[in-house]
Amino acid sequence: MPAEVQKLKINYKTMEDFKQFKEYGAQELSMLEDLQTNFVEDEIDSPFYGIYYGDKLVARMSLYKRDAKYDQYFDPPQDYLELWKLEVLPDYQGKGLGTELVNYAKSFKMPIKTNPRMNSRPFFEKMDFQPVTYNVERDLGENPLVWYPEGVSEQKNGNE
């Protein structure tokens, strides 16, 4: 099944599409509120990317660009992407759609950080994401995985 990743528009159709995903929650609800109060359909810069099969959204993720001044993961410190809510609908799993989304994120050639759900950790490890050295203050109980583009490595924290 050839997949094309698209930047999703923030509109009522997209919000309806999101309701079929398990990870539907506060993020989408706040965007829906923005739509209802501002009527700015399609005008909000969307952090969401997805893959449609016909007119059905079957896979999605969000990518947030983080500023280098907040970078506690990469050496040299730089802007990086945070990948959230990667999800493929059950009937479409095992068809390479998650891989397609992650490869799209990698195409920006920026380091990527994600906090995988426990059952998705093997998938991210297969996609060359690596654990970082745990730092209590920074990671706050999370176990992030990161992907390093060429020339980037793990930031060594002087506080270890």
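In the predicted model, Phe 124 is buried, with a relative accessible area of 3%. Phe 123, by contrast, has a relative accessibility of 21% and is classed as partly exposed, because the buried class ends under 20%. The two rings form an aromatic pair: their centres lie 5.2 Å apart and their planes meet at 70°, so the arrangement is edge-to-face.

In total, nine aromatic pairs were counted. Among these, Tyr 104 and Phe 108 are also arranged edge-to-face, with 5.6 Å from centre to centre and an angle of 90° between the planes. Tyr 104 is partly exposed, at 27% relative accessibility, and Phe 108 likewise counts as partly exposed, at 36%. A single aromatic cluster is formed by Tyr 73, Phe 74, Tyr 80 and Tyr 148.

The analysis also covered open space in the model. Empty space is revealed by rolling a probe the size of a water molecule over the atoms. The largest pocket encloses about 630 Å³. Its lining comprises 25 residues, and those nearest the centre are Leu 86, Glu 87, Val 88, Asn 119 and Ser 120. Two or more lining residues are contributed by each of strand E5 (80-88), helix H3 (97-106) and helix H4 (121-126). Strand E5 provides the largest share, with six residues. In chemical character, the lining of the largest pocket consists of nine nonpolar, nine polar and seven charged residues.

How values were computed
Residues are numbered from 1 along each chain as its sequence is written. This is a predicted model: local features need pLDDT of at least 70, side-chain atom pairs count only at pLDDT 80 or more; totals for chains, interfaces and linings use all residues. Side-chain values use heavy atoms; hydrogens and water are left out. On a 1 Å grid over the protein atoms alone, a cavity is a set of points where a 1.4 Å probe fits but cannot get out, and a pocket is an open set with protein on both sides within 12 Å along at least five of seven lines; lining residues have an atom within 4 Å of a point. Grid points are joined across faces, edges and corners, and a volume is the space filled by probe spheres set on the points. Helices (H or I, at least four residues) and strands (E, at least two) are DSSP runs, numbered from the N terminus. Ala, Val, Leu, Ile, Met, Phe, Trp, Tyr, Cys and Pro count as nonpolar, Asp, Glu, Lys and Arg as charged, and the others, Gly among them, as polar. Rings of Phe, Tyr and Trp (its six-membered ring) pair if their centres lie within 6.5 Å; planes under 30 degrees apart count as stacked, over 60 as edge-to-face and the rest as tilted. Buried means under 20% relative accessible area, exposed over 50%, partly exposed in between (1.4 Å probe, protein chains only).
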